[in-house]
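Okay, thanks everyone. I've got one structure to walk you through today, so let's put it up on the screen.

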Amino acid sequence: MNNLLVLPVLLPMALAVFLMFFRKKVRLQRAIALVGGIANVAVAALIVFRVRDHGIQTLQFGGWAPPYGIVFVADLFAALLVLAASITGLAVLIYSFSTIGREREEHYYYTFFHFLLVGVYGSFLTGDIFNLFVFFEVMLISSYALITLGGSRKQMREAPKYLLVNILSSTLFVAAVAYLYASVGTLNMAHLSERIAEVGQSGVLNVVAVLFLIVFSLKAGLFLFFWLPGSYAAPPFAVRALFGALLTKVGLYAIVRTFTLIFPYDAALTHTWIAGMAAATMILGGIGAAAYRDIPRILNFNVLIGVGFVAFGLATGTRDGMDGVVFYMLHDILSKGLMFVLGGMLIAAAGTDHLDGMGGLIRRRPGLGWMFFLLALALTGIPPLSGFAGKVLIVRGGLEDGMLTLSLVALASSLLTLYSLIKIFREAFWGVEPEAEPDAEASTSTSKLKSKSTPTARPGLLPNAAAILLLLCVIALGVGANLVSGPVSQAGETLANPSLYIEAVLKE
Amino acid sequence: MPRGSDIFLQNISKIVVFIVLAFALYLFFTGHGSPGGGFIAGLMSAGALLLLALAYDIETVRKVIPFDFKLITALGLLIALCTGTGALFFGEPFLKHAFGYFQLPLLGKTELHTALIFDLGVYLAVVGVTMTILLTIGEDS
């Protein structure tokens with residue numbers, strides 16, 4: 001009995017409930033949340049070590065054996081993702097202390113924050129497809145609350161779209177689970193995989209597989225991302241960091257899990273779809289990132305490029321590709337969190353979110369400037385930093401599998417990532433600082449930000465601490481790629497070879 | 001009281017509210033063996049409170065239950081969480097429930113199950129959420 005596995009879900013849930021009792025005591029809330037965040041990182045690290053040394057761990061809820069009860073399964077892929085997510089969660093928590101504003105903090109911000117983490121960790125760890133749906137909903141309903149919390153005009157405009165898209169995709173999710181249950185009669189993922197292998201993945205099961213692909217793509221922003229650039233530009237930056245780093249990754253994780261464990265038997269059909277969607281996502285994301293001149297949109301389109309990359313790695317179906325998927329997702333969770341934290345600090349420092357009103361910030365905020373520069377290199381995949389190993393593995397997997405065009409698209413999208421981020425770096429940090437007049441002139445974008453950015457205009461200690469924490473992780477993941485490669489390839493092994501997972505769950 | 005003239009409504013509600021609450025209580029305890037359970041019992045109780053709010057006004061409901069309904073939700077979640085966590089202290093897997101037969105004063109030999117405590121959590125959470133929604137919308141005008 002392995003109750004350690006439930007702790008990543010239990011801790012933030014207990015925190016979230018506990019914090020509801022002290023709504024007005026903001027300092028107490030922050031202290032409790034901080035302690036909880038640190039504890040969660042420790043628990044996640046403990047799980048990673050346990051899984052690395054003793055193989056895949058399972059926890060049967062209520063002591064009911066797998067096909068009947070709900071299981072939590074931690075293979076190394078899930079465990080590493082929980083660790084990365086908890087580190088990012090901690091950093092974003094520290095970042096929100098000084099940026100989110102007392103008004104939001106008093107209206108259950110930290111409660112929703114922790115419920116969102118409950119959903120994320122639960123989605124990573126669960127071994128039951130309907131339980132996955134429930135954790136998706138826990139995550140999404142908290143995200144509905146976070147995207148509307150504060151009630152600014154922009155949030156109210158974007159939130160309904162976000163809600164509609166997600167409610168629609170959740171309905172499709174339930175329908176897909178119903179079809180699946182009707183055709184094979186089980187909900188446990190390992191058992192599903194076994195049964196589908198028995199009856200062969202064809203006909204109706206392929207339809208269900210594609211339905212799942214559509215559902216998870218809507219959540220992850222894989223090709224069906226029309227809702228993402230607008231919605232992610234609405235809430236405050238701390239919330240955006242949480243969304244950009246975690247929400248799309250949970251959708252991606254679901255795609256990876258579904259198509260390596262449950263539906264891997266007709267790769268010619270499903271993986272071709274995934275490859276096409278990955279290519280389209282990378283191309284459109286790259287174009288979007290290069291085209292826009294306001295920072296929120298550039299950052300949002302960069303999230304999409306990362307999603308496309310992981311899907312490409314999955315579509316290759318090779319060992320290298322799988323290792324690349326694991327590595328790239330770890331990198332993506334940490335670096336996208338960092339990207340939004342730095343973006344928020346940049347916009348707070350400049351007082352506007354449009355590149356036209358910026359310039360010369362390197363003189364006032366040199367630390368921020370160079371951190372942003374390092375981030376741009378890391379996201380592009382320049383060798384000593386974390387993006388490199390994942391991209392190399394994924395592209396190598398693609399070339400092994402003979403997907404030359406897709407590999408070239410992936411490399412080109414990296415170039416566009418670099419271009420878009422260096423564009424921000426060049427125009428915001430170099431050049432001459434514009435005079436103080438934009439206050440009167442660019443009032444449309446600045447006045448909206450004023451209320452939000454005035455209290456944070458001074459360079460605080462906490463945002464810097466959050467950014468440095470994430471940056472250190474990004475650098476460590478890149479420099480220490482050799483140290484990480486052992487666990488990463490162990491994780492890739494379970495993805496490439498689902499029988500390991502099935503045996504661990506359904507062992508007698 | 002602004003709506004003092006609704007004598008029929010008010011007097012009938014006084015009786016009906018107790019019947020509804022009693023039925024909710026019945027549904028709550030019967031959930032293990034027959035249809036019912038924490039969720040429907042919670043909705044039923046919220047329905048009784050809503051009837052009270054319609055016949056009198058929201059202030060009366062607040063006087064009947066002088067707590068913040070958001071805290072009741074939190075309390076319910078906390079209770080449900082604790083039943084699941086309790087198993088951890090006995091070295092059992094999360095959410096493992098225990099039950100036993102007890103000789104109770106009036107009821108005789110009765111089966112008591114920790115799932116009932118979990119249901120109590122669900123009940124409180126449902127009452128809290130429903131009433132929070134109703135009162136928040138109702139108080140806007």
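I'll go through a pocket, then the nonpolar cores, then one helix.

Before anything else, keep in mind that this is a predicted model.

So, the pocket. The largest one has a volume of about 2,000 Å³. Its lining is made of 48 residues, and the ones nearest the centre are A:Met13, A:Phe115, A:Val138, B:Leu77 and B:Ala125. Which helices supply at least two residues each to that lining? From chain A you have α1 (7–19), α5 (109–125) and α6 (129–148), and from chain B there's α4 (69–89) and α5 (115–140). The largest share is from α5(B), with 10 residues. If you're wondering about chemistry, the lining splits into 32 nonpolar, 12 polar and four charged residues.

Okay, cores. The largest nonpolar core has 193 residues, and the members touching the most others are A:Phe173, A:Phe212, A:Phe243 and A:Ile424. Take A:Ile424: leaving out anything up to four places away in sequence, A:Ile424 touches A:Ile295, A:Ile298, A:Leu299, A:Leu346, A:Leu355, A:Phe372 and A:Phe429. Apart from that core there's another one, of 17 residues, including B:Leu52, B:Phe69, B:Ile72 and B:Met131.

Last bit: helix α9 of chain A, residues 204–220. Those 17 residues reach 24 Å from first C-alpha to last, close to the 24 Å you'd expect at 1.5 Å a residue. Is α9(A) largely enclosed or largely open? Well, 14 of its 17 residues are buried, so α9(A) is largely enclosed by the rest of the structure. And just after α9(A), A:Gly221 takes a positive phi of about 75°.

Note on methods
Residues are numbered from 1 along each chain as its sequence is written. Chains are lettered from A and ligands numbered from 1 in the order in which they are written. This is a predicted model: local features need pLDDT of at least 70, side-chain atom pairs count only at pLDDT 80 or more; totals for chains, interfaces and linings use all residues. Side-chain values use heavy atoms; hydrogens and water are left out. Helices (H or I, at least four residues) and strands (E, at least two) are DSSP runs, numbered from the N terminus. The expected span of a helix is 1.5 Å times one less than its number of residues. Buried means under 20% relative accessible area, exposed over 50%, partly exposed in between (1.4 Å probe, protein chains only). On a 1 Å grid over the protein atoms alone, a cavity is a set of points where a 1.4 Å probe fits but cannot get out, and a pocket is an open set with protein on both sides within 12 Å along at least five of seven lines; lining residues have an atom within 4 Å of a point. Grid points are joined across faces, edges and corners, and a volume is the space filled by probe spheres set on the points. Ala, Val, Leu, Ile, Met, Phe, Trp, Tyr, Cys and Pro count as nonpolar, Asp, Glu, Lys and Arg as charged, and the others, Gly among them, as polar. A nonpolar core is a set of buried Ala, Val, Leu, Ile, Met, Phe, Trp, Tyr and Cys residues joined through side-chain atoms within 4.5 Å. Contact means heavy atoms within 4.5 Å.
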